[in-house]
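Dear colleague,

I am handing over the structure below, and I would be grateful if you could look through it alongside the notes that follow.

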Amino acid sequence: MSEHIKYMERCLQLSKLGLGNVAPNPMVGSVIVHNNKIIGEGYHQQYGQAHAEVNAINAVANQSLLAKATLYVNLEPCCFTGKTPPCSELIIKHNIPKVVIGMRDPFHKVNGDGIDQLQKAGIEVIEGILEEECRELNKRFITFHQHKRPYIILKWAQTANGFFAPSDNSQYWITNEECQMLNHKWRSEEQAILIGTLTALIDNPRLNVRLWKGNNPLRIVIDSDNRLPGNLNLFDNSQPTWVLNLSKEATKDKVSWKKINDKKLLLDELMQMLVKANIQSLIVEGGSNTIQNFINANLWDEARVFTGTKILPHGIACPQLVAQNVIEKSIGNNRLNVFTKE
């Protein structure tokens, strides 16, 4: 078992290299072992391109060894034709006798069928190795397919005495440059980012990853009455942008106005839109009321809260969240707490 863990850990290491590039596919890494030696390894590098198992098999210099090797992969091999052929069929084709899997694929087109196909071909399958770690790695993919909504991350910054912003809603920077850079890294890892009308008006954010190298997320802004001026950075056509509103359905260049039918059901309708667009992760960055609305609707999975050193004598209250603190760390002279649902 310790041998299986060692090689599954390597699969997880490899899979993380695909973060930010493979969504809406899961992150997957694979290694092929012969006589206690890795003879090939690979990971899913880009959405629409070869899967991890394909890259690992292709990396084996002596293909005749595959018939005496063990393939490790953190997620059940696919068994249907999508943008690429089924990995299960490739494994069978190369007569690989044993496959060790971290977890089953929750996607309805796989979900045990890949394992069943391998076993029917006479391949020994071992599953459940480091399953908890495998599930944590692909929490976005799992949430999307099991709960029919994106994985939702709430993010905000608060002063040392617990305020979100000044009472007059003026722009006020709470965190240091290290926190801002980390925030841009987070943006590069998720598919979409959302703010409300006031945040757009006060901060005029770009919502991009200019402080980090990576892909810009889909920008989403709630603007029920279409009162945001067209000269805001959100409308610069630098990246796809959705405007959630109550009256307009239109697209101009990279900006799409998405009509909401019922303001009271805005978040429910948004979830449906995101699922339809295959968006599996969303960061909600503000303001306080917008974040609180997600909390009240129980539409969140993780909250990342920065606490700075500045103090406001009075101000806007922070969102109220009851959750388990799973991580606490220092970011320079600031503090980061990460909360998850129990």
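In what follows, contact means that heavy atoms lie within 4.5 Å of each other. Please keep in mind throughout that this is a predicted model.

**Helix α1 and its surroundings**

With that meaning of contact, the elements that cover the buried residues of α1 include β1 (29-34), β2 (37-43), β3 (70-75), β4 (98-103), β5 (124-127) and α5. The buried residues in question are H4, Y7, M8, C11, L12, L14 and S15. Seen down the axis of α1, these residues fall within an arc of 160 degrees, so they line one face of the helix. An α-helix has 3.6 residues a turn, so residues three or four places apart point the same way. As to the length of α1, at 1.5 Å a residue its 14 residues should span 20 Å, and the end C-alpha atoms are indeed 20 Å apart, in agreement with that expectation.

S2 also has its place in α1, which runs over residues 2-15, but S2 counts as exposed because its relative accessibility is 62%, the cut-off for exposed being over 50%. Although S2 and I129 are 127 residues apart along the chain, their C-alpha atoms are separated by 9.8 Å.

**A buried asparagine, and one in a loop**

Is N74, a residue of strand β3, buried or exposed? N74 is buried, with a relative accessible area of 0%. If residues up to four places away in sequence are not counted, N74 touches M8, C11, L12, S15, M27, V28, G29, G102, M103, C134, L137 and N138. Of these contacts, L137 is 63 residues from N74 in sequence, while the two C-alpha atoms are 9.4 Å apart in space.

N62, by contrast, is placed in the loop between α2 (52-58) and β3, and with a relative accessibility of 38% it counts as partly exposed. N62 and Q117 are 55 residues apart in sequence and 25 Å apart in space, again from C-alpha to C-alpha.

**Helix α4**

In α4, which covers residues 113-120, G114, I115 and L118 are buried. They cover an arc of only 100 degrees around the axis, which puts them on the same side of α4. The buried residues of this helix pack against α3 (87-93), β4 and β5. Just after α4, G122 takes a positive phi of about 90 degrees.

**Backbone points to check**

Which peptide bonds are worth a look before you prepare the model for your own calculations? The bond from A23 to P24 is cis, with omega near 10 degrees, and P24 is found in the loop between α1 and β1. The bond from G286 to G287 is also cis, with omega near -5 degrees, and G287 is found in the loop between β13 (281-286) and α10 (288-296).

Positive phi values occur at two asparagines as well. Phi of N226 is near 50 degrees, a positive value in a residue other than glycine; N226 is found in the loop between β9 (218-222) and β10 (241-245), and at 27% relative accessibility it counts as partly exposed. Phi of N278 is near 65 degrees, likewise positive in a residue that is not glycine; N278 is found in the loop between α9 (266-276) and β13, and its relative accessibility of 31% makes it partly exposed.

**The second largest pocket**

The second largest pocket has a volume of about 900 Å³. Its lining is made up of 28 residues, of which E136, K139, R140, Y151 and E302 lie nearest the centre. Which elements each supply at least two residues of this lining? They are α5 (131-137), α6 (139-147), α7 (177-189), β14 (302-307), β16 (324-331) and β17 (334-340), and the largest share, six residues, comes from α6. By type, the lining divides into 12 nonpolar, four polar and 12 charged residues.

With best regards

Terms used: Residues are numbered from 1 along each chain as its sequence is written. This is a predicted model: local features need pLDDT of at least 70, side-chain atom pairs count only at pLDDT 80 or more; totals for chains, interfaces and linings use all residues. Side-chain values use heavy atoms; hydrogens and water are left out. On a 1 Å grid over the protein atoms alone, a cavity is a set of points where a 1.4 Å probe fits but cannot get out, and a pocket is an open set with protein on both sides within 12 Å along at least five of seven lines; lining residues have an atom within 4 Å of a point. Grid points are joined across faces, edges and corners, and a volume is the space filled by probe spheres set on the points. Helices (H or I, at least four residues) and strands (E, at least two) are DSSP runs, numbered from the N terminus. Ala, Val, Leu, Ile, Met, Phe, Trp, Tyr, Cys and Pro count as nonpolar, Asp, Glu, Lys and Arg as charged, and the others, Gly among them, as polar. Buried means under 20% relative accessible area, exposed over 50%, partly exposed in between (1.4 Å probe, protein chains only). The expected span of a helix is 1.5 Å times one less than its number of residues. The arc is that of the directions from the helix axis to the C-beta atoms.
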